[in-house]
Amino acid sequence: SSPDRAAVKAGLAPAPATGLPVQLVLTVERADDLMPTGSHKPSPLITVAGEEGEPVLRTRAKEATVAPVWNEVFGLAVPPKVRYLTLQCWDSSLPAGAPEGFLGEFKLGIRERKSGAKKLLLQPRNGNAADLERFKARPEGFGSLDIAVQWGHQPTKPA
């Protein structure tokens, strides 16, 4: 499906979009101490999804590093009903959706609409036994993701 259809399904839309009252500017800055996949360093990318889970945005992949720097800025129109965004880190050098390519996620609560810099500790997917085993086997966890969130109001276009 196209990103626009995914955005509508997830209740999100890449900005600019008409009729949605809130604008979120999300900067995906960097990650640290990501988990290697097998015997190689991952080529990580970040996806951003709404509550229904289908990604609406993604960063560029960074080649063979456990400490990627993206500094990529995204604008999202976020309706008031959306409670959280899911940021997932994946190894792009493995087939899309491969379980071993999952590097961690964070569910970012957005109800309070607070701006600022955030350090997110990447977690296993809820209820995923393979993720939990990998997480337990690595005392330092899945690593961290640095982001910045800036909320503002998006003007609605006249009819």
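Which residues form one aromatic cluster? They are W90, F102, F135 and F142, and the close-ups below start with them. Keep in mind that this is a predicted model.

**View 1. W90 meets F102 edge-to-face.** A pair of aromatic rings is described by the distance of the centres and the angle of the planes. For W90 and F102, the centres are 5.4 Å apart and the planes sit at 75 degrees, so we call the pair edge-to-face. Edge-to-face needs an angle over 60 degrees. Now look at where the two rings come from: W90 belongs to strand β6 (residues 84-91), while F102 belongs to strand β7 (residues 102-109). The pair therefore ties together parts that are 12 residues apart in sequence. Buried or exposed? Both W90 and F102 are buried.

**View 2. F135 and F142 make another edge-to-face pair.** Here the ring centres are 5.1 Å apart, and the planes stand at 90 degrees, so this pair is edge-to-face too. The two partners differ in how much of them can be reached from outside: F135 has a relative accessible area of 27%, so it is partly exposed, whereas F142 has 1% and counts as buried. In total, the structure holds three aromatic pairs.

**View 3. R125 sits over the ring of F102.** Let's go back to F102, the buried partner of W90 from the first view. What sits over its ring? The charged end of R125 does, 3.9 Å from the ring centre.

**View 4. The largest pocket, with W90 in its lining.** Rolling a probe the size of a water molecule over the atoms shows where empty space is left. In the largest pocket, that space comes to about 180 Å³. Among the lining residues are L45, T47, R58, W90, D91 and S92, and the lining also includes L94, P95, A96, G97, A98 and G101. Which elements give two or more residues to this lining? Those are β3 (44-49) and β6. Sorted by class, the lining has six nonpolar, four polar and two charged residues.

**View 5. V56 in strand β4.** Find V56 within β4, which covers residues 55-58. Its relative accessibility is 8%, so V56 counts as buried; the cut-off for buried is under 20%. Now find L76 as well: V56 and L76 are 20 residues apart along the chain, and their C-alpha atoms are separated by 9.3 Å.

Conventions
Residues numbered from 1 in each chain as written. Predicted model: local features only at pLDDT ≥ 70, side-chain atom pairs only at ≥ 80, totals over all residues. Heavy atoms only, no water. Phe/Tyr/Trp six-rings, centres within 6.5 Å; stacked < 30°, edge-to-face > 60°. Helix = DSSP H or I, 4+ residues; strand = E, 2+ residues; numbered from the N terminus. Buried < 20%, exposed > 50% of the residue type's maximum accessible area, 1.4 Å probe, protein only. Lys NZ or Arg CZ within 6 Å of the ring centre and 35° of its normal. 1 Å grid on protein atoms, 1.4 Å probe; cavity = no way out; pocket = protein on both sides within 12 Å on 5 of 7 lines; lining within 4 Å. Points joined across faces, edges and corners; volume = space filled by probe spheres on them. Nonpolar A, V, L, I, M, F, W, Y, C, P; charged D, E, K, R; others polar.
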